[in-house]
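Colleague: Could you walk me through how the two chains of this model meet?

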Amino acid sequence: MVREKIVVKDLNLWFGENHVLKGINISIPEKAVTAVMGPSGCGKSSFLRCLNRMNDLIDTARVTGKVLIDGRNIYDDAVDVSLLRRRVGMVFQRPNPFPKSVFDNVAYGLRIHGVRNKGELRERVEEALKDANLWDEVKDRLFGSALELSGGQQQRLCIARALAVRPEIILLDEPASALDPISTAKLEELIEKLKEDYTIVIVTHNIQQAARISDYAAFLMLGELIEFGRTQEIFTAPKDKRTESYLTGRFG
Amino acid sequence: MRDNLVKHLLLSCASLSIVFLAGITVTLFKEGLPIFKEVSVFKFLFGRYWYPTYDPPDFGILPLILGSLWVTLGALFVAVPLGVGSAMYISELAHPKLREILKPTVELLASVPSVVYGFFGMVFLGPLVQRLFDLPVGLTCFTASIILGMMALPTVASIAEDAISAVPRELREASYALGAMKWETITKVVVPAASSGIIAAVILGFGRAVGETMTVLMVAGGAAVIPRSVFQPVRTMTATIAAEMGEAPMGSDHYHALFGIALVLFFITLGFNLLADKIIKG
């Protein structure tokens with residue numbers, strides 16, 4: 001039996017009057033890739049942002065219910081959000097490297113969390129870049145601007161930046177939506193490798209991508225979780241009519 | 001047909017500014033250059049004495065250049081921290097409702113006529129400075145710097161605020177997602193990302209302060225000597241032109257010398273504006 005890393009219980013999210021997520025219950029297994037699919041506006045990105053409390057940044061956001069990571073509710077008052085986000089890394093839709101050098105991008109999180117020693121910084125940056133399959137491409141230009149990298153390289157840099165602080169969970173918010181097919185293939189290869197060490201939750205509206213890379217899949221529609229299970233089962237024998245319609249392209 | 005007419009009408013409106021600029025430049029050169037037949041450019045720029053009505057006259061504008069420089073740098077000491085600080089607060093920290101009040105208020109500072117600032121400096125700040133520091137006169141470089149700083153504040157704050165607000169939300173999110181708190185995000189990501197805009201704001205603030213005339217004429221004290229302390233009266237290039245132009249007989253050396261000063265000022269502000277432009281556009 002797989003261990004459950006994240007357990008979501010009765011999660012509701014509102015933006016002002018707008019009820020975005022409605023009573024979500026889901027258990028996300030450890031060291032596997034879980035894909036969250038659904039039509040645009042179904043709340044899948046908002047759901048992802050509940051897992052590292054990024055929705056805290058929106059003034060009108062209100063959350064009820066629980067998100068347990070290793071059994072502890074991350075919405076408890078006692079939780080240190082900074083430490084939480086260190087454990088739960090995030091990569092966004094568009095590559096968003098800081099306008100700094102490649103090195104400083106990866107070192108940013110380390111410095112925030114108090115790593116000052118130069119040798120240690122170098123080691124951890126190299127390690128993160130290697131883990132993100134980017135080291136060979138950037139090792140000679142570590143101190144050049146990150147903005148000079150290609151889009152795919154920038155996205156892998158953002159992954160390296162997230163990996164550097166040694167998270168346990170990585171949230172990917174449609175990470176390939178701004179990438180070309182070759183860069184996307186490299187990214188998927190990387191995700192395949194990362195799941196050996198990390199729990200990965202990826203939001204995607206690309207059904208084929210979800211089928212290729214995920215072990216588990218969740219289907220969201222209009223803020224409700226319609227179906228969740230092993231990817232193979234969801235794709236071959238969906239239990240809900242709506243899941244089937246979505247997967248066969250009747251809407252999206 | 002009608003479209004064409006409108007187009008040409010608007011074109012002539014737009015071209016007028018070029019005509020104005022050209023006209024001003026030509027006049028400056030035509031009236032300013034003759035002074036260099038009397039004194040060398042070097043002696044004009046670096047001469048230590050400005051006695052335009054003595055016999056023989058001295059046309060050295062170094063005290064005036066230094067006066068302008070000191071007052072302007074002093075103004076930047078006031079305007080840059082206050083301006084960049086307000087910009088950071090308004091765009092990053094202020095509650096949206098407070099922002100809606102603060103931003104127009106800061107910009108309103110720019111709409112106060114400079115003579116009013118000068119008046120405020122003469123009757124309020126001058127005497128205050130005189131008492132606080134026990135000085136023979138309150139109208140000094142220091143006093144003028146504070147008032148000019150207040151005047152340059154909206155320029156610096158408004159442009160810096162635009163630059164900070166233009167930093168994409170995605171960069172802030174990336175920082176927060178790594179566990180950074182608000183203060184770290186502002187100082188380590190947002191401000192560095194906006195740095196070229198902030199530098200441009202400082203340069204334009206400099207341009208605003210160095211060209212200001214009425215206030216410094218009223219508040220800086222007016223002594224055309226090389227300043228030894230910020231608590232001495234000084235005279236800027238702009239104030240000199242404004243104060244003496246009425247008395248200089250047209251076509252005299254004094255008259256041409258004043259245009260010479262204007263020419264120097266013109267190059268200084270032009271240079272800084274071009275620099276700011278280049279920095280903004282990267």
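What follows is a short exchange about the interface and the cysteines.

Modeller: Happy to, with a note first: this is a predicted model, where local features need pLDDT of at least 70, side-chain atom pairs count only at pLDDT 80 or more, and totals for chains, interfaces and linings use all residues. Residues are numbered from 1 along each chain as its sequence is written, chains are lettered from A in the order in which they are written, and side-chain values use heavy atoms, without hydrogens and water.

Colleague: What area is buried between chain A and chain B?

Modeller: Buried area is the accessible area (1.4 Å probe) that two parts lose on being put together, summed over both. Carbon and sulfur atoms give 66% of the area between chain A and chain B, and the total is about 1600 Å².

Colleague: Which residues of chain A lose the most area to chain B?

Modeller: Three residues together make up 30% of what the chain A side buries. They are R85(A), Y108(A) and I112(A).

Colleague: Which side chains meet in a salt bridge across the interface?

Modeller: The rule asks for a side-chain nitrogen of Lys or Arg within 4 Å of a carboxyl oxygen of Asp or Glu. Between chain A and chain B it finds one such bridge. At 3.0 Å, N to O, the pair is R49(A) and E173(B).

Colleague: How many disulfides are there over all chains?

Modeller: A disulfide here is a pair of cysteine sulfur atoms within 2.5 Å. Over all chains, the count by this rule is zero.

Colleague: Is C158(A) buried or exposed?

Modeller: Buried means under 20% relative accessible area, exposed over 50%, and partly exposed in between (1.4 Å probe, protein chains only). C158(A) has 3% relative accessibility, so it counts as buried.
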